[in-house]
Amino acid sequence: MTISLHNSTSIFRVGFASQFLGSNSATKASSLAYLSFNSVETSRRQSYKINAMSKAESSSSDQVKVVISLSPRVNSVKPSKTVAITDHATALAQAGVPVIRLASGEPDFDTPAIIAEAGINAIREGYTRYTPNAEENGISYMPDQIVVSNSAKQSILQAVLAVCSPGDEVIIPAPYWVSYPEVARLADATPVILPTLISDNFLLDLELLESKITEKSRLLILCSPSNPTGSVYPKKLLEKIAEIVAKHPRLLVLSDETYEHIIYAPATHTSFASLPGMWERTLTVNGFSKAFAMTGWRLGYIAGSKHFVAACNKIQSQSTSGASSIAQKAGVAALGLGYAGGEVISTMVKAFRERRDFLVKSFGELEGLKLSEPQGAFYLFIDFSSYYGIEVKGFGKIENSESLCRYFLDNAQVALVPGDAFGDDSCIRISYAASLTTLQSAFERIKKALISLRPAVSV
């Protein structure tokens, strides 16, 4: 499985490189590595094709051609731009380009030792067999109201597949996590995107929500704290959203609470299912990757009413079955750290806050930028649109968030994610899951690159 994932990611990276590679010499040098890989991959595929044809010809005088069409469902899905840029930046670094990578949504901390040790002990003690798909994990649900899966992403996919029918609508506030619309498409549902404003801290507008709910509306996806904005929904706003949801018997809510423990006081987290009347119609998704620095362990879960969770369990039983027994043992140790991860996680959050404060202050002093101070997660979503429309000698025109990210990669050697991947082309996402020293260096590079430009519009 590891080899398959590596190869498929690499193949995509080659395709994306043609769009994202810049013009400077260092980047050109790295493009040779892509070309080299592409040549090897092309040769491998040609060899496979020749062998396959030889076998076909040996059994029949007629040449047999394999039909390579893909499912329309798959063709409707866009590849993850965050994965593409992260892979591309990694390739540049491997080619010797001093790239600072701030595109990935992965904590830079190691998994806490007590959690890692629990995983090691699980192996030593022979806890390596199949496990049930549900188990008690310390929240107010019965075991048959929880499905433990191989990441929060899998839980989200299974939830959408379980409750949506072809033609249903999935309401998604933007900016959104890149996978939400694509997961809806995989379920043959239609994503309905509701834009938000940076001046409103990227929080959902209630009147807009009410106006977009139809008889086809099946699911509202909420993410708090938010990826990519770091916004946190206050309880009062969630209560008003719940009042709207309650008017529509067919409308369910998927509450993605993956970043709930990475939150900065005075902001507080409210679980949507805890609101009056919302438990029955809320599917709560959470995981261990972000708060507990366990991205590689692949462990998440979904909790909700038995009826919906059983449907998710049915899908999982025919795909991956239970999550890794070893990862689950580590997850139990993580939950045993105490409320919000205890002191271990508090130390991480303190570091994230220090980094956030530095970036907010630093970028806030630059001309032509707009930003909203994140209250959670570890992302800064900055409006750089005043720099669009500028012609750069030797580079070309900066037309949108993707071309500006390419400009930063070429001229500052900093990898960021364009906002169009999240449904807001005016912004760029900066991950501060990196050391303060690294972030200080990245800021100076970005600042220098911006100084050579002139804002097209004064802000």
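This report walks through the salt bridges, cysteines and cavities of a predicted model.

## Salt bridges at a glance

Let us start with charge pairing. Side chains of opposite charge can pair when their charged atoms come close. In this model the count comes to 10 salt bridges. The pairs described below include one that involves Lys247 and two that share Arg356.

## Lys247 and Glu210

Lys247 and Glu210 join their side chains in a salt bridge, with 3.2 Å from N to O. Lys247 sits in the loop between α9 (235-246) and β6 (252-256), while Glu210 belongs to helix α8 (residues 206-212), so this pair ties together parts that are 37 residues apart in sequence.

How accessible are the two partners? Lys247 is exposed, with a relative accessible area of 56%. Glu210 is partly exposed, and its relative accessible area is 39%.

## The network around Arg356

A good place to look next is Arg356, which is linked with Asp357 and Glu373 in a network of salt bridges. The side chains of Arg356 and Asp357 meet at 2.8 Å, N to O. In the salt bridge between Arg356 and Glu373, the closest N and O atoms are 3.8 Å apart. Arg356 is part of helix α12 (residues 342-364) and Glu373 lies in the loop between β9 (370-371) and β10 (379-383), so the pair ties together parts that are 17 residues apart in sequence.

Is Arg356 buried or exposed? Arg356 counts as buried because its relative accessibility of 4% falls under the 20% cut-off. Both acidic partners fall in the middle class: Asp357 is partly exposed at 36% relative accessible area, and Glu373 is partly exposed at 44%.

## Just past helix α12

Glu365 is found in the loop between α12 and β9. Since its relative accessibility is 57% and the exposed class begins over 50%, Glu365 counts as exposed. Its side chain makes a polar contact with the side chain of Lys361, at 3.0 Å.

## Cysteines

How many disulfides does the structure hold? The number is 0. A disulfide is a covalent bond between the sulfur atoms of two cysteines. Two cysteines can still be placed by their accessibility: Cys223 is buried at 11% relative accessibility, and Cys405 is buried with a relative accessible area of 1%. Cys223 comes up again in the next section.

## Cavities

Searching the whole structure turns up 3 cavities of 30 Å³ or more. The largest cavity holds about 130 Å³ of space.

Which residues lie nearest the centre of the largest cavity? They are Pro173, Pro175, Cys223, Ser226 and Tyr233, out of 17 residues that line the cavity. Strands β3 (169-174) and β5 (217-223) each contribute at least two residues to this lining. By residue type, the lining of the largest cavity divides into 12 nonpolar and 5 polar residues, with no charged ones.

## Drawing it together

Two spots are worth a visit in the viewer. One is the salt-bridge network of Arg356, Asp357 and Glu373, in which Arg356 is buried. The other is the largest cavity, where Cys223 is among the residues nearest the centre and is itself buried.

Technical notes:
Residues are numbered from 1 along each chain as its sequence is written. This is a predicted model: local features need pLDDT of at least 70, side-chain atom pairs count only at pLDDT 80 or more; totals for chains, interfaces and linings use all residues. Side-chain values use heavy atoms; hydrogens and water are left out. A disulfide is a pair of cysteine sulfur atoms within 2.5 Å. Buried means under 20% relative accessible area, exposed over 50%, partly exposed in between (1.4 Å probe, protein chains only). A salt bridge is a side-chain nitrogen of Lys or Arg within 4 Å of a carboxyl oxygen of Asp or Glu. Helices (H or I, at least four residues) and strands (E, at least two) are DSSP runs, numbered from the N terminus. On a 1 Å grid over the protein atoms alone, a cavity is a set of points where a 1.4 Å probe fits but cannot get out, and a pocket is an open set with protein on both sides within 12 Å along at least five of seven lines; lining residues have an atom within 4 Å of a point. Grid points are joined across faces, edges and corners, and a volume is the space filled by probe spheres set on the points. Ala, Val, Leu, Ile, Met, Phe, Trp, Tyr, Cys and Pro count as nonpolar, Asp, Glu, Lys and Arg as charged, and the others, Gly among them, as polar. A polar contact is a pair of N or O atoms within 3.5 Å; within protein, one must be able to donate a hydrogen and the other to accept it, and residues adjacent in sequence count only if both atoms are side-chain atoms.
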